[in-house]
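This report describes selected features of the structure shown below. Salt bridges are treated before helix packing, surface and backbone features.

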Amino acid sequence: METRGSIPLRRFGKTDVQISALGSGGHHIGVAKDENTAVELVHTALDGGITFYDCCWEYCRGRAEDWLGKGLKGRRDKAFLMTKVCTHGRDGTLAIQMLEQSLRRLQTDHIDLWQIHGVGFANDPDLFIRPGGAAEALIKAKKEGKVRFVGFTGHKDPEVHLAMLNTGFPFDAVQMPLNPFDGTFHQFSFEQKVLPVLKVRGIAVLGMKPICGRADPVKRGVFTAQEMLRYAMSLPVTTTITGFSDMDTLKQNLEVAQGFTPLSESEMQALRDQARPYAADGRFEPYKVSLQFDNPEARMAHDFPIDLQQIETKELVAETQNTGWPFPS
Amino acid sequence: MKKNFAGSEINMTPDLKTQTELSRRRFLQTVAVTGISSVVPNVALALEAPESQAQEMGPKANVPVRALPNPIIPNFQGAYGNSSTPSFQAPKRPMGSTGLQVSILGMGGYHLGAALSQAIVNDMVAKALDHGLNFFDNAWEYQGGAGEERLGIALKAKRHQAILVTGVSTYGRKKDVAMRMLDDSLTRLQTDHVDVWQVHDVIYYNDPELAYQVDGVLEALTTAKQQGKVRFVGFTGHKNPSIHLDMLDRGFHFDTVQMPINPFDPSFRSFERSVLPVAVQKGMAVFSIKSMSGSGESVVRGALTPTEALSYAMSVPGVSTTVSGMNSVEVLDQNLEILRDFKPLAEEQMTALREHGRQFNDGRYELYKTTVKYESDLGRAQHGFPSSTELPA
């Protein structure tokens with residue numbers, strides 16, 4: 001591989017831990033062509049300087065954690081490993097069961113960052129902090145040394161993020177969508193409403209959805225993927241999580257990240273201005289205004305309708321078929 | 001019995017519990033009856049027969065039959081299908097500052113347009129008028145125009161008894177589009193004016209900005225009023241109170257506004273708490289919608305009975321009328337029964353229902369606020385969103 005310099009490392013919140021400014025999205029590892037491709041992607045990413053690895057208990061019914069674990073085998077010490085727990089308002093005891101499953105699938109004895117997945121419903125903060133809720137599991141797991149840091153993720157509503165922060169729970173990290181559309185969608189802008197609060201509190205900021213999840217703005221010709229990724233990485237964040245399921249996409253991402261220097265404020269403003277005509281109704285951020293990107297696990301926990309056409313729903317249903325294969329697809 | 005996340009039983013008073021079970025059973029029976037009527041041939045034939053007769057009879061069909069309560073409704077035979085409801089008159093209230101008196105229950109246009117046949121629509125409209133329901137909602141986009149056409153036919157020669165309401169579906173487009181839509185609506189509704197013309201579905205966060213632009217839809221509202229094609233103007237929406245407030249704060253004089261009102265609303269992105277007081281203070285007429293969550297989600301899941309749902313909305317101070325979707329005579333009958341027995345709920349009953357609603361404050365029974373489920377393909381297309389088949393909710 002040609003040398004462009006290395007991916008910059010950034011400080012994780014108030015800690016002394018350094019992580020790469022580009023992070024690997026776990027869902028995409030789980031939907032790689034096959035297991036060998038997934039393992040190879042992880043190896044190449046590690047070699048390219050990506051040290052931050054995202055994953056989640058519910059991605060691909062466990063396949064994403066399984067394949068990531070195989071990719072990290074023997075190289076665990078090079079990675080800052082994150083996974084998420086999918087209680088969606090349910091009990092802390094369920095969270096601990098999910099943690100044990102995650103540890104087994106990821107073939108490790110500890111998670112560097114364990115986060116509450118997909119906080120988005122208005123009552124999620126109350127359900128999280130209630131007696132017996134998932135907050136207790138985070139504390140317990142940290143105390144037992146099974147996780148080093150804890151946080152939460154969500155893509156829905158900045159107000160819900162703020163309500164989570166206002167529970168007073170000591171979060172080490174918070175994850176949220178950051179891209180030029182988010183930056184100008186005033187009603188639901190994480191960049192405007194949540195990012196400044198995290199900076200003040202010294203909480204690590206993890207950006208996600210730099211190209212809006214499914215690259216719709218790229219497909220519609222509003223931005224290039226590189227422009228969007230540069231925008232997200234230039235914000236005052238610890239890392240920007242982006243997904244790659246094939247080697248070409250990974251290499252494009254590495255090209256942007258290796259030797260990365262942030263855009264100037266005027267360049268950032270130009271990208272925001274370019275996004276503004278499409279930002280105000282949320283058309284490129286379906287994760288904020290619709291149920292797209294909300295997994296059946298979350299919908300069922302909140303008694304919301306599930307979408308039978310959604311791939312995650314099909315996987316969930318296929319789970320009961322006992323085909324002999326470890327993960328339904 | 002449903003359980004909440006903590007695993008404890010949902011807290012309902014014994015009265016509410018009994019009522020829940022009884023009314024739910026009644027509602028489900030009604031649904032079953034409606035379902036059957038669509039497949040049993042003789043019922044369908046009986047309803048369709050007058051229409052074909054009328055075509056054969058030609059001009060004679062217009063001869064009025066004075067003894068009947070609705071003499072000039074085309075094809076009306078003097079009975080509303082097989083059902084009967086005792087005669088009573090719906091209570092009325094002042095419709096904001098318009099000087100009109102409106103029945104506290106109104107007919108939703110979307111569901112009316114979705115009834116099985118024109119004959120059923122005729123029966124429903126006649127029966128509604130006979131019971132004093134005088135509010136008929138519609139929108140340019142319902143059923144591709146058929147919703148307005150059906151209502152126009154059913155209201156023929158009864159137009160003066162009705163407060164006729166329709167919506168204009170510009171979704172950010174300009175005055176010229178709106179004026180063309182108004183002419184379409186008047187033609188379909190077979191009238192020279194509508195009583196209330198509303199900007200339909202103000203549900204995208206930049207819709208207020210687009211409505212207020214130069215040559216925007218609000219200028220059409222003003223012009224139409226000046227031309228006498230509409231008497232009063234307003235807007236509708238179901239998404240976020242902030243969008244409604246944005247529309248109001250920018251200063252245009254609206255006579256009416258339509259918004260979701262139900263026991264779930266007060267604890268989640270509440271229109272009742274944040275928009276209703278502003279509208280009342282401005283002397284506007286407030287039309288409540290989504291009393292049963294939009295498609296009866298809260299009713300079929302057992303969270304509310306139809307009686308509780310309608311009674312709540314009709315009891316909220318400041319609401320002029322509660323627009324309810326009815327797509328069959330049976331559903332109309334159910335609503336009429338509720339209306340006949342209706343007594344405004346006491347404050348403590350209202351509080352109990354709001355408390356009951358609070359436990360669902362993740363929005364599960366208000367999908368129109370958090371998802372795209374209630375956004376029409378027309379509006380989505382104008383805002384560059386995927387269609388309802390590509391993105392169901």
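With which residue does A:Lys84 form a salt bridge, and how far apart are the closest N and O atoms? The partner of A:Lys84 is A:Asp54, and the closest N and O atoms are 2.8 Å apart. A:Lys84 belongs to strand 5 (residues 80-85) of chain A, while A:Asp54 sits in the loop between strand 4 (52-53) and helix 3 (63-72) of chain A, so the pair ties together parts that are 30 residues apart in sequence. The model is a predicted one, and the values given here are computed from it.

**Salt bridges**

Over all chains, a search of the whole structure finds 41 salt bridges. As background, side chains of opposite charge can pair when their charged atoms come close. Three of the pairs in chain A are listed in the table.

| Basic residue | Acidic residue | Closest N to O distance |
|---|---|---|
| A:Lys84 | A:Asp54 | 2.8 Å |
| A:Arg148 | A:Asp112 | 2.8 Å |
| A:Arg283 | A:Asp281 | 2.9 Å |

Are the two residues of the first pair buried or exposed? A:Lys84 has a relative accessible area of 1% and is therefore buried. A:Asp54 is buried as well, because its relative accessible area is 3%, and the cut-off for a buried residue is under 20%.

In the second pair, A:Arg148 forms a salt bridge with A:Asp112. A:Arg148 is part of strand 7 (residues 147-153) of chain A and A:Asp112 is part of strand 6 (residues 111-116) of chain A, so this salt bridge ties together parts that are 36 residues apart in sequence. A:Arg148 counts as partly exposed because its relative accessibility is 38%. A:Asp112, by contrast, is buried, with a relative accessible area of 2%.

The third pair joins the side chains of A:Arg283 and A:Asp281. A:Arg283 counts as buried, at 17% relative accessibility. A:Asp281 also counts as buried, at 1% relative accessibility.

Salt bridges also occur as a network in chain A. A:Arg61, A:Arg90, A:Glu297 and A:Glu319 are linked in this way.

**Helix packing**

Two packed helices are described by the angle between their axes and the distance between the axes. In chain B, helix 6 (residues 175-189) packs against helix 8 (residues 217-226) at an angle of about 45°, and their axes are 7 Å apart. Because of this angle, helix 6 of chain B is oblique to helix 8 of chain B. The crossing in which helix 6 of chain B passes helix 8 of chain B is right-handed.

How are helix 11 and helix 12 of chain A placed relative to each other? The axes of helix 11 (residues 225-234) and helix 12 (residues 247-257) of chain A come within 10 Å and cross at roughly 50°. These two helices of chain A, helix 11 and helix 12, are therefore oblique to each other. Their crossing, that of helix 11 and helix 12 of chain A, is right-handed.

**Helix 15 of chain A and the loop that follows**

A nonpolar patch on the surface is formed by A:Met300, A:Ile306 and A:Leu308, which together have about 280 Å² of accessible area. A:Met300 is located in helix 15 (residues 296-301) of chain A. With 41% relative accessibility, A:Met300 counts as partly exposed.

The loop between helix 15 and helix 16 of chain A contains A:His302. A:His302 counts as buried because its relative accessibility is 0%. The C-alpha atoms of A:His302 and A:Leu235 are separated by 33 Å, and these residues are 67 residues apart along the chain.

A:Asp303 is placed in the loop between helix 15 and helix 16 (311-318) of chain A. The phi angle of A:Asp303 is near 60°, which is a positive value in a residue other than glycine.

**Further features of chain B**

Where in chain B does B:Gln143 lie? B:Gln143 is found in the loop between strand 4 (135-136) and helix 5 (146-154) of chain B. Phi of B:Gln143 is near 50°, a positive value in a residue other than glycine. B:Gln143 counts as partly exposed because its relative accessibility is 26%.

B:Lys369 lies in helix 16 (residues 367-370) of chain B. With a relative accessible area of 2%, B:Lys369 is buried. B:Lys369 and B:His238 are 131 residues apart in sequence, yet 6.3 Å apart in space from C-alpha to C-alpha.

Note on methods. Residues numbered from 1 in each chain as written. Chains lettered and ligands numbered in written order. Predicted model: local features only at pLDDT ≥ 70, side-chain atom pairs only at ≥ 80, totals over all residues. Heavy atoms only, no water. Patch = residues over 30% accessible without salt bridge, like charges linked within 9 Å, V, L, I, M, F, W, Y side chains within 5 Å. Areas by Shrake-Rupley, 256 points an atom, 1.4 Å probe, with all protein chains shown as cover. Salt bridge = Lys/Arg side-chain N within 4 Å of Asp/Glu carboxyl O. Helix = DSSP H or I, 4+ residues; strand = E, 2+ residues; numbered from the N terminus. Buried < 20%, exposed > 50% of the residue type's maximum accessible area, 1.4 Å probe, protein only. Axes fitted to C-alpha atoms, helices over the stretch in contact; angles between N-to-C directions. Parallel < 35°, antiparallel > 145°, perpendicular 65-115°, else oblique. Left-handed = near helix turned anticlockwise from the far one by under 90°.
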